Amino acid sequence: MLRADGNLSFASYYGDHMVLQKSPDRAVLWGFGPENEQVTVFLSGPVTQKTLVTVTGGIWRVTLDPVDAGGPYNVTASSWGSKATLTDVLFGDVWLCGGQSNMFFKMSEIFNASEELALSANYPHVRPFMVALKRSEIELLDLIQVELPWFEPTATALREFSAVCWLFGRYMHDKLKYPIGLVESCWGGTPVEAWSSTRALQKCGLEKTEDVDIESNSVLWNSMIHPLLNMTIRGAIWYQGEANAVYHQDNYNCSFPAMIDDWRMAFHHGSGGQTALDFPFGFVQLSTNKKYSTDNGFPNIRWHQTADTGFVPNPRMKKTFMAVALDLPDETSPYGTIHPRDKQDVAYRLTLGARAVADDERDVTFLGPFPSQIASNQMYVHVTYDQKISVTPSHDIFEICCSEIWAPCRPDSLWLPAPIIQWGPNTIQLSAAQCLFSGEVAAVRYAWKDWPCDFKACPVYGDSGILPAPPFIISRYGDKASMWKSY
């Protein structure tokens with residue numbers, strides 16, 4: 001654990017067993033001390049570094065030279081008559097894990113929890129840390145409280161830690177073979193506004209709320225994200241959006257991308273330019289909530305999570321990656337159907353995205369098939385995908401909107417089933433018969449339901465049958481009109 005004498009200390013989220021960001025980035029260390037005191041920061045281990053700094057405004061801060069992955073190291077900050085030391089420090093990739101209850105969902109609650117927890121002993125270099133659930137009306141310099149200090153994983157200690165976060169880190173370690181640091185900072189039932197700065201919310205016309213609860217604008221940004229900004233991180237993963245299905249739903253296509261942009265800017269600035277200005281940001285597209293529901297809340301949020309594009313990265317959301325999860329429902333979850341227990345597939349799909357987007361692995365596919373062209377006539381709609389597909393029949397997973405006027409269809413327009421007639425290696429033919437007497441096909445959408453299919457049983461997957469096609473809504477008269485042709 002962190003040892004401190006007198007007034008010299010590290011900030012709250014530095015501790016024994018922690019992971020600092022490896023080269024080529026430079027890790028930032030900081031803490032508190034007596035004003036104008038000279039502080040010597042010494043790194044000892046496979047390599048050594050020594051830096052002298054002065055306490056200014058009660059704070060000392062050092063940016064280390066780049067350190068390759070590995071360890072262990074000791075980090076000592078000392079001044080006249082006072083010393084603080086961190087032991088068993090590793091260098092690797094540091095990932096921030098944020099969001100609401102599905103990110104907060106614990107390792108002890110997932111499918112095969114005992115077996116998964118028992119594997120923790122095989123991953124001594126994947127190190128978790130958990131921020132305590134606290135809120136604040138103002139931006140804070142340091143955390144109010146630490147829930148779980150950095151620790152070497154054990155079955156007992158991991159029980160309370162985020163399942164998606166841990167499994168993501170474990171799978172990344174399987175591939176990268178060097179230390180992974182995981183910082184969990186999430187809170188169930190919270191909207192994106194609580195995790196966003198006032199600056200980000202203003203870009204979407206969202207004004208500050210008066211009450212201070214977990215739904216209030218910026219209260220968790222202030223207390224659970226802003227204090228972490230000085231830390232150098234590799235990237236972030238995010239599982240949130242359920243709360244916004246009923247709160248500022250129509251703003252999410254602005255507020256979520258704006259939050260990502262703002263986090264990137266703030267972490268880059270806070271780390272003195274060490275965290276990349278475009279650090280990779282991955283997220284889970286919402287899973288399911290209520291079977292047979294006709295409410296458009298979840299489908300709309302899934303679309304808004306991509307800035308109304310349907311896939312990422314896209315021009316509005318660069319260097320992002322997405323795990324589609326609408327085919328992972330859990331009808332018997334004891335934690336409510338909004339909390340599916342299969343977090344292994346979610347984390348695995350996020351890992352594919354991180355490998356493709358963060359680590360530039362060119363041969364890794366992380367997203368299922370998405371339409372590259374829509375063609376229609378009076379009888380049929382042809383959907384051409386951007387990759388080979390695996391298809392099972394369905395009479396209602398695709399829907400069409402009929403119109404006699406040149407106007408885009410909306411989610412709340414009248415939509416009619418468009419049965420799958422036949423398919424090829426990368427095409428699907430749908431029936432357009434429903435529009436024969438009510439105009440032409442003006443739009444087509446896929447999986448636009450809260451609960452579109454049973455577990456791993458959606459009608460369209462990639463050729464391997466592993467990655468589900470994400471939902472889409474494409475109108476021949478909307479901003480995706482260029483994708484549509486008549487024949």
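**View 1. The lining of the largest pocket mixes 8 nonpolar, 8 polar and 7 charged residues.** This is a predicted model. The largest pocket has a volume of about 520 Å³. Its lining is made of 23 residues. Look for Trp303, Asp308, Cys409, Arg410 and Pro411, which lie nearest the centre of this pocket. Two elements, helix H8 and strand S25 (472-475), each supply at least two lining residues. Helix H8 gives the largest share of the lining, with 4 residues.

**View 2. The second largest pocket has a volume of about 290 Å³.** Here 16 residues form the lining. Nearest the centre of the second largest pocket lie Asp396, Lys449, Trp451, Pro452 and Cys453. Which classes of residue make up the lining of this second largest pocket? They are 8 nonpolar, 3 polar and 5 charged residues.

**View 3. The largest cavity has a volume of about 50 Å³.** Rolling a probe the size of a water molecule over the atoms shows where empty space is left. Across the whole structure, the search finds 3 cavities of 30 Å³ or more. In the largest cavity, the lining consists of Tyr14, Met18, Val19, Leu20, Gln21, Ala27, Val28, Val94, Met231 and Thr232. Strand S3 (residues 19-21) provides the largest share of this lining, 3 residues. By class, the lining of the largest cavity counts 8 nonpolar and 2 polar residues. No charged residue lines the largest cavity.

**View 4. Leucine 286 sits in a loop and is buried.** The loop runs between strand S14 (281-284) and helix H8 (297-304). Is leucine 286 buried or exposed? Its relative accessible area is 0%, so leucine 286 is buried, since the cut-off is under 20%. Which residues does leucine 286 touch, leaving out those up to four places away in sequence? One group of contacts is Tyr239, Gln240, Gly241 and Glu242. Leucine 286 also touches Phe298, Ile301, Arg302 and Gln305. Ala325 and Leu326 complete the list of contacts. Take glutamine 240, which is 46 residues away from leucine 286 along the chain. The C-alpha atoms of leucine 286 and glutamine 240 are separated by 7.5 Å.

**View 5. Strands S5 and S6 form a hairpin.** Strand S5 covers residues 38-44, and strand S6 covers residues 49-54. How many residues join S5 to S6 in the hairpin? The link has 4 residues. The two strands pair in the antiparallel sense, over 6 bridges. To follow the pairing, start at threonine 40, which stands opposite leucine 52 in S6.

**View 6. An open sheet is built from 5 strands.** Read across the sheet, the order is S21-S22-S17-S16-S26. The pairing is mixed. Which strands are at the edges? They are strand S21 (420-423) and strand S26 (484-486), and each pairs on one side only. From one strand to the next, the twist averages 20°.

**View 7. One edge of the open sheet shows S21 beside its partner S22.** S21 and strand S22 (residues 427-431) run antiparallel. They are joined by 3 bridges. Find tryptophan 423, then look across to S22. Isoleucine 428 stands opposite tryptophan 423 there.

Key:
Residues are numbered from 1 along each chain as its sequence is written. This is a predicted model: local features need pLDDT of at least 70, side-chain atom pairs count only at pLDDT 80 or more; totals for chains, interfaces and linings use all residues. Side-chain values use heavy atoms; hydrogens and water are left out. Buried means under 20% relative accessible area, exposed over 50%, partly exposed in between (1.4 Å probe, protein chains only). Contact means heavy atoms within 4.5 Å. Two strands pair if DSSP finds at least two bridges between them. Axes are lines fitted to C-alpha atoms, for helices over the stretch in contact, and angles run from 0 to 180 degrees between N-to-C directions. On a 1 Å grid over the protein atoms alone, a cavity is a set of points where a 1.4 Å probe fits but cannot get out, and a pocket is an open set with protein on both sides within 12 Å along at least five of seven lines; lining residues have an atom within 4 Å of a point. Grid points are joined across faces, edges and corners, and a volume is the space filled by probe spheres set on the points. Ala, Val, Leu, Ile, Met, Phe, Trp, Tyr, Cys and Pro count as nonpolar, Asp, Glu, Lys and Arg as charged, and the others, Gly among them, as polar.
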